[in-house]
Amino acid sequence: MEVAGITYKDTYFVKTPFAADISLHFHELVHVHQWSLLGAESFIKRYISEIQTYGYNGAPLEKMAYSLQDRFMDNCTPTDVLSYVQNHL
Ligand SMILES: [Zn+2]
């Protein structure tokens, strides 16, 4: 799967052409928090299962990250991201 960034536990990586894309950094930070709350094994199992079941665009962990990313880029909707993720896992 071609991606611009990927998260592993508390570290994320972005491809060089996307290094200045702040929305991508925000998106990956949401995944860092998901990893933290679920734990590595649970995150990986759930993420793979969701991708297989719903596809990348329909996977709930991805939809959550994109939804928060959109709010972040909107600038008009302050959001407690840590609580949001915790309440929507
Ligand atoms: Zn993602």
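In the predicted model, a search of the whole structure identifies 3 salt bridges. One of these joins the side chains of lysine 15 and glutamate 2, with an N to O distance of 2.3 Å. Because lysine 15 belongs to the loop between strand 2 and helix 1, while glutamate 2 belongs to the segment before strand 1, this pair ties together parts that lie 13 residues apart in sequence. Lysine 15 is partly exposed, at a relative accessible area of 35%, whereas glutamate 2 is exposed, at 69%.

Salt bridges are also found within helix 2, which spans residues 40-54. Lysine 45 pairs with glutamate 41, their closest N and O atoms lying 2.9 Å apart. These two residues are 4 positions apart in helix 2, so about one helical turn separates them; both are exposed. Arginine 46 forms a salt bridge with glutamate 50, with 2.8 Å between the closest N and O atoms. Here too the partners lie in helix 2, 4 residues apart, or about one turn of the helix. Arginine 46 has a relative accessible area of 25% and is partly exposed, but glutamate 50 counts as buried because its relative accessibility is 6%, below the 20% limit for that class.

Helix 2 also contributes to a nonpolar patch on the surface, as does strand 1 (5-8), each supplying at least two of the residues. The patch is formed by Ile6, Tyr8, Phe13, Ile44 and Ile48, which together present about 500 Å² of accessible area. Isoleucine 48 is located in helix 2 and is classed as partly exposed because its relative accessibility is 44%.

Strand 1 pairs with strand 2 (residues 11-14) in the antiparallel sense over 4 bridges. Tyrosine 8, a member of the nonpolar patch, stands opposite threonine 11 of strand 2. The two strands form a hairpin with 2 residues between them, and lysine 9 in the turn adopts a positive phi of about 55°.

Helix 4, comprising residues 81-88, has Val81, Tyr84 and Val85 as buried residues. These three are placed on the same side of the helix because they cover an arc of only 95° around the axis. Leu82, Gln86 and Asn87, on the other side of helix 4, are exposed. The packing partners of the buried residues of helix 4 are helix 1 (22-38) and helix 3 (60-74).

Note on methods
Residues are numbered from 1 along each chain as its sequence is written. This is a predicted model: local features need pLDDT of at least 70, side-chain atom pairs count only at pLDDT 80 or more; totals for chains, interfaces and linings use all residues. Side-chain values use heavy atoms; hydrogens and water are left out. Buried means under 20% relative accessible area, exposed over 50%, partly exposed in between (1.4 Å probe, protein chains only). The arc is that of the directions from the helix axis to the C-beta atoms. Contact means heavy atoms within 4.5 Å. Patches are made of residues with over 30% relative accessible area and no salt bridge: like charges are joined within 9 Å, nonpolar side chains (Val, Leu, Ile, Met, Phe, Trp, Tyr) within 5 Å. Accessible areas come from the Shrake-Rupley method with a 1.4 Å probe; for residues, only the protein chains shown count as cover. A salt bridge is a side-chain nitrogen of Lys or Arg within 4 Å of a carboxyl oxygen of Asp or Glu. Two strands pair if DSSP finds at least two bridges between them.
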